[in-house]
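User: Hi! I am new to reading protein structures. Could you take me through this one step by step?

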Amino acid sequence: MYKEEKKKALAYWSVRGFDVSGLHINVKEKSNQWSVPVIGYQKGRIIVVYADKAKEYNLDLSVVIAHEIGHYLGFRHYDRGHEIMKGTAKELGGKKL
Ligand SMILES: [Zn+2]
């Protein structure tokens, strides 16, 4: 599932020269175990993204995945040069890779 979205997200970084091999990207259909609105998170090489939350906030799934990969690569919110590293769903809404 979501093969294209994952591919696009990985390509965003690989074409910019970053090594994104060996990542485990899990797209889950439903969130609901979180009390705060978490759309995705990254821990080590593991990236988890919730499809229902992405939809709720009008976020392109590949953008959400690419955002989390950015954290894996050491980027922080609002680091220059990467629109997709903005920190809120509102700012990322409607963006495409
Ligand atoms: Zn983030």
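Analyst: Happy to! Let's begin with a definition: helices and strands here are DSSP runs, numbered from the N terminus, with at least four residues for a helix and at least two for a strand. Please keep in mind that this is a predicted model.

User: In what order do the elements of the chain run from the N terminus on?

Analyst: The chain has four helices and three strands. Writing α for a helix and β for a strand, we can read them off from the N terminus on, and the order is α-β-β-β-α-α-α.

User: How does the radius of gyration of the chain compare with the globule rule, and what is its value?

Analyst: For 97 residues the globule rule gives 13 Å, and the chain comes close to that, so it is as compact as a globular protein of that length. Along its principal axes, the C-alpha trace spans about 35 × 25 × 20 Å. The radius of gyration asked for is 12 Å.

User: What is the order of the strands in the sheet?

Analyst: Let's build it from the pairs. Strand 1 and strand 3 run parallel and are joined by five bridges, while strand 2 (residues 40-43) and strand 3 (residues 46-50) run antiparallel and are joined by four. Strand 1 (24-28) and strand 2 stand at the edges with a single partner strand each, so each has one side without a neighbour in the sheet. The sheet is open, its pairing is mixed, and its order is 1-3-2.

User: Which residues of strand 3 are the bridge partners of Ile-25 and Tyr-41?

Analyst: Strand 3 pairs with strand 1 and also with strand 2, which gives us two partners to find. For Ile-25, the partner in strand 3 is Ile-47. For Tyr-41, the partner in strand 3 is Val-48.

User: By how many degrees are neighbouring strands of this sheet turned against each other on average?

Analyst: The sheet in question is the open one of three strands. Ignoring direction, the average turn between its neighbouring strands is 10°.

User: Which residue takes a positive phi in the hairpin of strand 2 and strand 3?

Analyst: This hairpin has two residues between its strands, and one residue there has a phi near 60°. The residue lies in the loop between strand 2 and strand 3, and counts as exposed because just 8 other C-beta atoms lie within 10 Å, where 12 or fewer is the cut-off. Its C-alpha atom is 9.8 Å from that of Leu-73, 29 residues apart along the chain. The residue is Gly-44.

User: Which residues other than glycine have a positive phi?

Analyst: Most residues other than glycine have a negative phi, so such cases are worth a look. One of them is in the segment before helix 1 and is partly exposed, with 18 other C-beta atoms within 10 Å. Another lies in the loop between helix 2 and helix 3 and is exposed, with 12 such atoms. With phi values of about 60° and near 60°, they are Tyr-2 and Asn-58.

User: Which element gives the largest share of the largest nonpolar core?

Analyst: In soluble globular proteins, nonpolar side chains tend to be buried together. Here the largest nonpolar core has 19 residues, and Val-49, Ala-54, Val-64, Ile-65 and Ala-66 touch the most other members. Helix 1 (3-14), strand 3, helix 2 (51-56) and helix 3 (61-72) each give two or more residues to this core. The largest share, six residues, comes from helix 3.

User: At about what angle does helix 3 run to strand 3?

Analyst: Helix 3 lies across strand 1, strand 2 and strand 3, so there is a direction to compare, with angles taken between N-to-C directions. Relative to strand 3, helix 3 runs at about 150°.

User: Is His-71 buried, partly exposed or exposed?

Analyst: His-71 lies in helix 3. It has 16 C-beta neighbours inside 10 Å, and because that falls between 12 and 20, His-71 counts as partly exposed.

User: Which residues does UniProt list for "domain: Peptidase M10 metallopeptidase"?

Analyst: This listing comes from an unreviewed UniProt entry. In the model, the span is 48% helix and 5% strand, and its end C-alpha atoms lie 17 Å apart. The entry lists residues 49-90.

Notes. Residues are numbered from 1 along each chain as its sequence is written. This is a predicted model: local features need pLDDT of at least 70, side-chain atom pairs count only at pLDDT 80 or more; totals for chains, interfaces and linings use all residues. UniProt positions are given in the numbering used here, feature names are shortened, and annotations may be inferred rather than shown by experiment. Two strands pair if DSSP finds at least two bridges between them. The radius of gyration is taken over C-alpha atoms; the globule rule is 2.2 Å times the number of residues to the power 0.38. A nonpolar core is a set of buried Ala, Val, Leu, Ile, Met, Phe, Trp, Tyr and Cys residues joined through C-beta atoms within 7 Å. Axes are lines fitted to C-alpha atoms, for helices over the stretch in contact, and angles run from 0 to 180 degrees between N-to-C directions. Two residues are in contact if their C-beta atoms, placed from the backbone, lie within 7 Å.
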